[in-house]
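Student: Can we go through this model by question and answer, starting with the fold and moving on to the charged pairs?

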Amino acid sequence: MRCIFEENDVVCAEVRNFQHDGSLQLQARSQKYGKLEKGQLLIVDPYLVKKSKQHFHHLEQFGIDLILGRNGFIWVGEHVEARDSMVVDQANSSEQSRVPEEKNQTHTPLEMRQNICRIANAVRVLSTLGFSIDADLILETVELSSTVKIDIHDMLGSEFHVLVAEREPERRSLMGKRKR
């Protein structure tokens, strides 16, 4: 494992089993699991993350992957296509012999970093307000910030928090009408 991961890497995996000594057995059953790079890891109170059938979301309009962990860990990062691990391993071994590691890393474009920050700030606002967090509400909050032309760093200000809180009763009444 140490040849794949280093200490302090952020990884996505499922808990397979709890050991008697308190340690965990993790599993990565498909290509959607693994090392997470080029993004932000947010930690919110676990009770705020709404239970859902789907916790992995690809926000195509932003090119972002959003992972809503029931443990309160939320990942917002650049979208990564799942690849065949055999092909990746062979390509990496041949590339590493030719290209130094620093030159092999690609940089995240400014627009992508701004999208990551805007979505992460939406999560922070919802968490501060104590709202249940799901992908739809995050997208609504991001859309609101764009509609009222709030700068990314201003999303964390009290004015935007008030704006989001004022829209919540209207959103809940619309949700109630949809369920009927």
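The questions below deal with the fold, the charged residues, one helix and a surface patch.

Student: Which pattern of strands and helices does the protein follow along the sequence?
Tutor: This is a predicted model. The protein has five helices and eight strands. Read from the N terminus, the order is β-β-β-β-β-β-β-β-α-α-α-α-α.

Student: Among contacts between residues at least 6 apart in sequence, what share joins residues at least 24 apart?
Tutor: The protein has 180 residues, of which 30% are buried. Its exposed area is about 12,800 Å², with 50% supplied by carbon and sulfur atoms. For the contacts in question, the share joining residues at least 24 apart is 59%.

Student: How many salt bridges does the protein have, and which residue pairs with Lys50?
Tutor: The count comes to two salt bridges. In one of them Lys50 lies in the loop between strand 5 (39-43) and strand 6 (56-59), and its partner is in the loop between helix 3 and helix 4, 84 residues apart from it. The closest N to O distance is 3.7 Å, and the partner of Lys50 is Asp134.

Student: Is Asp134 buried or exposed, and at what relative accessibility?
Tutor: Lys50, on the other side of the salt bridge, is partly exposed, with a relative accessible area of 41%. Buried means under 20%. Asp134 therefore counts as buried, at 18%.

Student: How far apart are the closest N and O atoms of Arg171 and Glu168?
Tutor: Arg171 and Glu168 are three residues apart in helix 5 (residues 158-179), so about one helical turn separates them. Arg171 counts as buried at 19% relative accessibility, and Glu168 counts as buried at 6%. They form a salt bridge in which the closest N and O atoms are apart by 3.0 Å.

Student: Arg118 is buried yet has no salt bridge; what is the nearest side chain of opposite charge?
Tutor: Arg118 is found in helix 3 (residues 110-129). Leaving out residues up to four places away in sequence, Arg118 touches Val142, Ser145, Ser146, Ile150, Ile152 and Met155, among others. A salt bridge needs a nitrogen to oxygen distance within 4 Å. The nearest side chain of opposite charge is 5.2 Å away and belongs to Asp151.

Student: What should the 13 residues of helix 4 span, and what separates its end C-alpha atoms?
Tutor: Helix 4 covers residues 135-147, and at 1.5 Å a residue it should span 18 Å. The buried residues of helix 4 include Ala135, Leu137, Ile138 and Thr141. The separation of the end C-alpha atoms agrees with the expected span, at 18 Å.

Student: Which residue with a positive phi follows helix 4?
Tutor: Val142, Leu144 and Ser145 are among the buried residues of helix 4. After helix 4 comes a residue with phi near 55°, and that residue is Lys149.

Student: What is the separation between the C-alpha atoms of Gln61 and Asn115?
Tutor: Gln61 is found in the loop between strand 6 and strand 7 (64-68). It is exposed, with a relative accessible area of 56%. Gln61 and Asn115 are 54 residues apart along the chain, and their C-alpha atoms are separated by 9.9 Å.

Student: Which residues make the nonpolar surface patch?
Tutor: Strand 2 (14-18) and strand 3 (24-27) each supply at least two residues of the patch. Leu26, for one, is found in strand 3. The patch has an area of about 410 Å² and is made by Val15, Phe18, Leu24 and Leu26.

How values were computed. Residues numbered from 1 in each chain as written. Predicted model: local features only at pLDDT ≥ 70, side-chain atom pairs only at ≥ 80, totals over all residues. Heavy atoms only, no water. Patch = residues over 30% accessible without salt bridge, like charges linked within 9 Å, V, L, I, M, F, W, Y side chains within 5 Å. Areas by Shrake-Rupley, 256 points an atom, 1.4 Å probe, with all protein chains shown as cover. Helix = DSSP H or I, 4+ residues; strand = E, 2+ residues; numbered from the N terminus. Buried < 20%, exposed > 50% of the residue type's maximum accessible area, 1.4 Å probe, protein only. Lys, Arg positive; Asp, Glu negative; His and termini not counted. Contact = heavy atoms within 4.5 Å. Expected span 1.5 Å × (residues − 1).
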